[in-house]
Amino acid sequence: MAFSTEVLRAALKKVSDRSKAAERDYELKREAAYKTNPELQQIDTDIQIKASRMTMCLFSGNTAEGERLHKEIAELKVTKDRILKALSLPESPEVFCPQCKDTGYVNGQLCQCVKDIASEMCYATLISQMPLDESKFENFDLNYYRAEKDENGISPRNQMTAVLNVCREFAENFPTGKNLLLTGSSGLGKTHLSLAVANVVLKKGYHVIYGSAQNLINEVNRETFDRSGSTEKIDALNTCDLLIIDDLGTEFSTQFSVSTVYNIINTRLMRGLSTVISTNLNIKQISEAYNERVASRIIGSYELCTCFGNDIRLIKARNAKK
Ligand SMILES: [Zn+2]
């Protein structure tokens, strides 16, 4: 799973903050316990004295005395444990992840708990920007699409049932390295479907980036021309598990935007990383708006999902007025 350094850094900080908070919390509870149970302090002092005497015995070769002290210390520890247990205070601060003991690393590798937090953070970010909760497969209403065939002999409802199934399968079987191209005019539910895909894939714990083509290009532009030398945003677009580009073709077309779109699409294809593109353009219009290279990359490697029907937003608005 690929998360940007920015996200991973934030996730690691969360792991460390959580552990520090647990330590502070434990210290407070411990202090309170010692205040109300002075015998705890006495036991600690006794253990300390006996331990240093035991060390001296070991050095001087007085094994019998050493063993006696060792036993006494063990008994004191049992008493202390009993008191702490009665106060429901554990022996040490709470550890959230037994794998990495809240350090964030196992054998020099990032622990799964950090990746889980990173994925939760991505989800939280996306949900704050998009109506993720309203856009699920379960509430994609096929009744908005006419069942009767149109002049081309196509039933929009049948066609959209097929598109819905392709998107659902794509999300449920993720990762498969497949790519989707959702085409069709505005208001046919393309954004709903791509958000539904994002929803399922995010919940599986993958890193998903979702953005309109214009916003993604703006971000790449900003990073390319600022002086920090940072490539974090571009790296994230090229390495996230799933990239969803909404509304391709509505952005302001420049040589920069065309080459940015090509680079992202091409890099992700070479890496076997999935991309979902939604657009109002058909393939011919894509090759006119961009170039043959972009169009041929898409034709060769994306599953085409053509949306049919009438503008759902208009129908919904009309129904709301009734
Ligand atoms: Zn961990």
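1. Asn-107 is exposed in this predicted model, since 6 other C-beta atoms lie within 10 Å of its own, and a residue counts as exposed if that number is 12 or fewer. Asn-107 sits in the loop between β1 and β2 (109–110), and its phi is near 50°, a positive value in a residue other than glycine.

2. Asp-102 also deserves a look, as its phi is near 65°, a positive value in a residue other than glycine. Asp-102 belongs to the loop between α3 (63–86) and β1 (105–106). Is Asp-102 buried or exposed? Asp-102 counts as buried because 20 C-beta neighbours lie inside 10 Å, and 20 or more is the cut-off for that class.

3. The backbone should also be checked at Pro-175, which lies in the loop between α5 (156–172) and β3 (180–183). The peptide bond that leads from Phe-174 to Pro-175 is cis, with omega near 0°. As background for this point and the two before it, most residues other than glycine have a negative phi, and most peptide bonds are trans.

4. The largest nonpolar core holds 57 residues, and the members that touch the most others are Cys-167, Val-197, Val-208 and Ile-244. Helix α6 (residues 190–203) supplies the largest share of this core, namely 7 residues. In soluble globular proteins, nonpolar side chains tend to be buried together.

5. Which residues does Cys-167 touch, if those up to four places away in sequence are not counted? With that restriction, Cys-167 touches Leu-180, Leu-193, Ala-196, Val-197 and Cys-305. Val-197, one of these partners, is itself named with Cys-167 among the core members that touch the most others.

Notes:
Residues are numbered from 1 along each chain as its sequence is written. This is a predicted model: local features need pLDDT of at least 70, side-chain atom pairs count only at pLDDT 80 or more; totals for chains, interfaces and linings use all residues. A nonpolar core is a set of buried Ala, Val, Leu, Ile, Met, Phe, Trp, Tyr and Cys residues joined through C-beta atoms within 7 Å. Helices (H or I, at least four residues) and strands (E, at least two) are DSSP runs, numbered from the N terminus. Two residues are in contact if their C-beta atoms, placed from the backbone, lie within 7 Å.
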